[in-house]
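Open your viewer and get ready to select a few residues. We will take the tour one stop at a time.

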Amino acid sequence: MVELKATSPAAGLLPLRMGGVEVAECDLGHLTSIATFDAAETGKVLEKAHGLALPGPLRSTETGGARCLWFGHREVLLIGPAPDPALAEHAAVVDQSDGWTCVTVKGAGAADVLARLVPVDVRERAFPTGHTMRSLVFHMNASITRLSADQFLVLVFRSMAGTLVHDLKQAMEAIAARR
């Protein structure tokens, strides 16, 4: 009988280091989509249960090991803890943990690497720490969050892990060649 073994989406593909930029896969714990029916009540439960404010559009909130990303109109992504069951009274709560590839892109040239792949301005003055967006990484739907001056969190669908790594590697090579 075949024995199946669970692997992460980018197993064997990462980490990559080139030209002062590093791309590494990260395990964020639970990923839970929360589509609010009642934003005010959802926000109260999120604050009480997880210590997180409900983020506004294009923003993220964090405390301790928990993070909450704006994920679209009336939708956020809770990262880290398992969701409090009380959230289901005010929102559609769906486990997304196995559906995403999560990587960090960090280093002095991280914004330059992403600028080759993302059709929006990711420079710090336009996209400061704590901002998040749904956009494209080359041709893949993605969520991109600036974690610090030189670090980004990038999420794409699990099935696109190999393509994400390929595209990031090509952009890293191009940036490294210019330095």
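Where is the place of Phe138? Select it: Phe138 sits in the loop between strand E9 (132-137) and strand E10 (140-148). Please keep in mind during the tour that this is a predicted model.

**Stop 1: two unusual phi angles**

Stay with Phe138 for a moment. Its phi is positive, about 60 degrees, although Phe138 is not a glycine. Most residues other than glycine have a negative phi. Is Phe138 buried or exposed? Phe138 counts as exposed because its relative accessibility is 52%, and the cut-off for exposed is over 50%.

Now select Leu58, in the loop between H1 and E4. Leu58 is not a glycine either, yet its phi is positive at about 65 degrees. With a relative accessible area of 39%, Leu58 is partly exposed.

**Stop 2: a cis peptide bond**

Next, select Leu14 and Pro15 and look at the bond between them. This peptide bond is cis, with an omega of about 15 degrees. Most peptide bonds are trans. You will find Pro15 in the segment before strand E1 (16-18).

**Stop 3: the sheet**

Switch to a cartoon view and select the strands E3 to E7. In what order do the five strands form their open sheet? The order is E4-E5-E6-E3-E7, with antiparallel pairing. At the edges are strand E4 (60-63) and strand E7 (91-95), each of which pairs on one side only. On average, neighbouring strands of this sheet are turned by 20 degrees against each other, ignoring direction.

Zoom in on strand E3 (residues 30-36) and strand E6 (residues 75-80). These two run antiparallel and are joined by six bridges. To see one opposing pair, select Ala35 and then Glu75 in E6, which stands opposite.

**Stop 4: the helix and His50**

Add helix H1 (residues 39-50) to your selection. Helix H1 lies across E3, E4, strand E5 (66-72), E6 and E7, and runs at about 150 degrees to E3.

Our last residue, His50, lies in this helix, H1. Is His50 buried or exposed? His50 is buried, because its relative accessible area is 13% and buried means under 20%.

Show what surrounds His50: among the residues it touches are Thr63, Leu78, Pro81 and Leu87. Ala82 is another residue that His50 touches; the C-alpha atoms of His50 and Ala82 are 9.5 Å apart, with their positions 32 residues apart along the chain. Finally, draw a distance from the side chain of His50 to the backbone nitrogen of Asp84, which it reaches at 3.1 Å.

Key:
Residues numbered from 1 in each chain as written. Predicted model: local features only at pLDDT ≥ 70, side-chain atom pairs only at ≥ 80, totals over all residues. Heavy atoms only, no water. Pairing = 2+ DSSP bridges. Helix = DSSP H or I, 4+ residues; strand = E, 2+ residues; numbered from the N terminus. Axes fitted to C-alpha atoms, helices over the stretch in contact; angles between N-to-C directions. Contact = heavy atoms within 4.5 Å. Buried < 20%, exposed > 50% of the residue type's maximum accessible area, 1.4 Å probe, protein only. Polar contact = N/O pair within 3.5 Å; in protein donor to acceptor, adjacent residues only side chain to side chain. Lists of a residue's contacts leave out its neighbours within four places in sequence.
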